[in-house]
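Subject: Structure for you to look at

Hello,

I am passing on the structure we spoke about. Please open it alongside this message; my notes follow below.

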Amino acid sequence: MPQTPPFTGQLNTSSYNKNLYQTKEEGYPGLYYHDNNLVSGSLEALIHHLVPTMDYYPDRTYIFTFLLSSRLFIHPYELMSKVCHLCMEQQRLSDPQADKVMKIAPKILQLLTEWTETFPYDFRDERMMRSLKELTHRLASGDEVYRKAVSQMSQGLIRRLTVLSQYEEALGKINATAAERLTALKAKPQAAIQRDMLSICNDPFTVAQQLTHIELERLSYIGPEEFVQAFVQKDPLDNDKSCFSDHKKASNLEAYVEWFNRLSYLVATEICMPVKKKHRARVMEFFIDVARECFNIGNFNSLMAIISGMNMSPVSRLKKTWSKVKTAKFDILEHQMDPSSNFYNYRTALRGATQRSITANSSREKIVIPFFSLLIKDIYFLNEGCANRLQNGHINFEKFWELAKQVSEFMTWKKVECPFEKDRKILQYLLTAPVFTEDALYLASYESEGPENHMEKDRWKSLRSTLTCTLFT
């Protein structure tokens, strides 16, 4: 079976041409082109454009772009049902002779293979699986070769869904372990000072590598469709409430954002927790070195999480501690992640890392982990800034070429395997060590370096009287 090619450089909106096998100039009625690029079409026309015929197979960039964006207008299971119907029609319209039918079968199988490989999470829906089984059963009944291809495709899909379920189960166990440790620390808050990051590992290079392990694992489970489903809204031409329920529509994406927040709070906790100024300064310098190594690796998400943690008010107000820290390296990192001019410096560094990844000779050089919140923000504004439909009701496909281009770049980054050796002890600490709440961070900060004004004094008194067993989050 032909396999879906890598996404690198796959989507280029300026170079999309009508498929070489297209026989009619305008294709299926209802599709509109400009300079040989598909720019809009009715939903029905776009669905027809997805389905292979005897002498046509859709461009793979189109397959990805339409499967990604169509969920804004139609449930995936409804799309699958329509695709199945059209595929069966194609078989019936074909010459009933076996050799003619066989010409369309491999194309249909290839389309289904690309769908199950790139958007496997769609098939957690039983209705999707029913339609898939119905169509593949018809295809497999004709020839042993197709039976094997169908079996291979089905096994691959089941394997991907099983791995996802195992990941979700493991994530639940990690969260449960963190909750257990939190409960124990609420009962004995003094135990918090008995363990810290430096006692687990004082090598910033190793910690940066373990952070990269966590980042790449969590990235790998985010489905491309989650970028669309996170912002899905009611389509004005759809009578249903929404194309999706809230359940698990972007759960892996949300878990990844939560990881960023956890890392920021963990960094702030590690800095505010020590009683001695000298120790706090050492922790600050340690995390600056971790952040710098993250930058060198291409792990921009952990880098930004560390910077965010160090810039939290309870940390930034520790002026006496900061005076003991050599901040030159931190200033350089902050400059790289400066939000001014729409994160110009970061975007330049990201382009450099992307280029390095394309020409990489080693798996370490392939690593590109974007500052994820900004990636989400870019996709959000692209979605909000352009209408999904044109005034004539047609789908604005120019918008979705650009959306697919951004998401396909992410797809390339998430496929990289982490080249560093795992250290389970460090990973366990990073993922499950309890972290202070925002109020607890302020209290620890005031205890370390006293309030500087009446407002801080009042807040300190209030926190001391109210915070007993709510130090951690």
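Three strands make up an open sheet in the order S1-S2-S3, and their pairing is antiparallel. S1 and S3 (395-396) are the edge strands, each pairing on one side only. Please bear in mind that this is a predicted model.

S1 covers residues 31-34 and S2 covers residues 37-41; the two run antiparallel and are joined by four bridges. Across this pair, His-34 stands opposite Asn-37 in S2. The two strands form a hairpin with two residues between them. Asp-35 lies in that turn and has a positive phi of about 50 degrees. On the other side of the sheet order, S2 pairs with S3 over two bridges, again in the antiparallel sense. Here Gly-41 is the residue that stands opposite Ile-395 in S3.

As for the protein overall, there are 21 helices along with the three strands. It has 473 residues, of which 51% count as buried. If you take the contacts between residues at least 6 apart in sequence, 77% of them join residues at least 24 apart.

Two parts of the helical portion may be worth opening in the viewer.

The first is helix H17, residues 372-385. Its 14 residues, at 1.5 Å a residue, should span 20 Å, and the end C-alpha atoms are 20 Å apart, so the two values agree. Which residues of H17 are buried? They are Phe-372, Leu-374, Leu-375, Ile-376, Ile-379, Leu-382 and Asn-383. These buried residues pack against helices H8 (204-220), H9 (226-229), H10 (251-272), H12 (300-310), H16 (340-358) and H18 (397-414).

The second is the pair formed by helix H20 (residues 438-448) and helix H21 (residues 454-466). Two packed helices are described by the angle between their axes and the distance between the axes. For H20 and H21 the angle is about 115 degrees and the axes are 10 Å apart. The crossing of H20 past H21 is left-handed. On the H20 side the contact involves Asp-439, Tyr-442, Leu-443, Tyr-446 and Glu-447, which meet Glu-456, Arg-459, Trp-460, Leu-463 and Arg-464 in H21. By type, the residues of this contact are five nonpolar and five charged, with no polar ones.

Regards

Methods. Residues are numbered from 1 along each chain as its sequence is written. This is a predicted model: local features need pLDDT of at least 70, side-chain atom pairs count only at pLDDT 80 or more; totals for chains, interfaces and linings use all residues. Side-chain values use heavy atoms; hydrogens and water are left out. Two strands pair if DSSP finds at least two bridges between them. Axes are lines fitted to C-alpha atoms, for helices over the stretch in contact, and angles run from 0 to 180 degrees between N-to-C directions. A crossing is left-handed if the near helix is turned anticlockwise from the far one by less than a right angle, and right-handed if clockwise. Contact means heavy atoms within 4.5 Å. Ala, Val, Leu, Ile, Met, Phe, Trp, Tyr, Cys and Pro count as nonpolar, Asp, Glu, Lys and Arg as charged, and the others, Gly among them, as polar. The expected span of a helix is 1.5 Å times one less than its number of residues. Buried means under 20% relative accessible area, exposed over 50%, partly exposed in between (1.4 Å probe, protein chains only).
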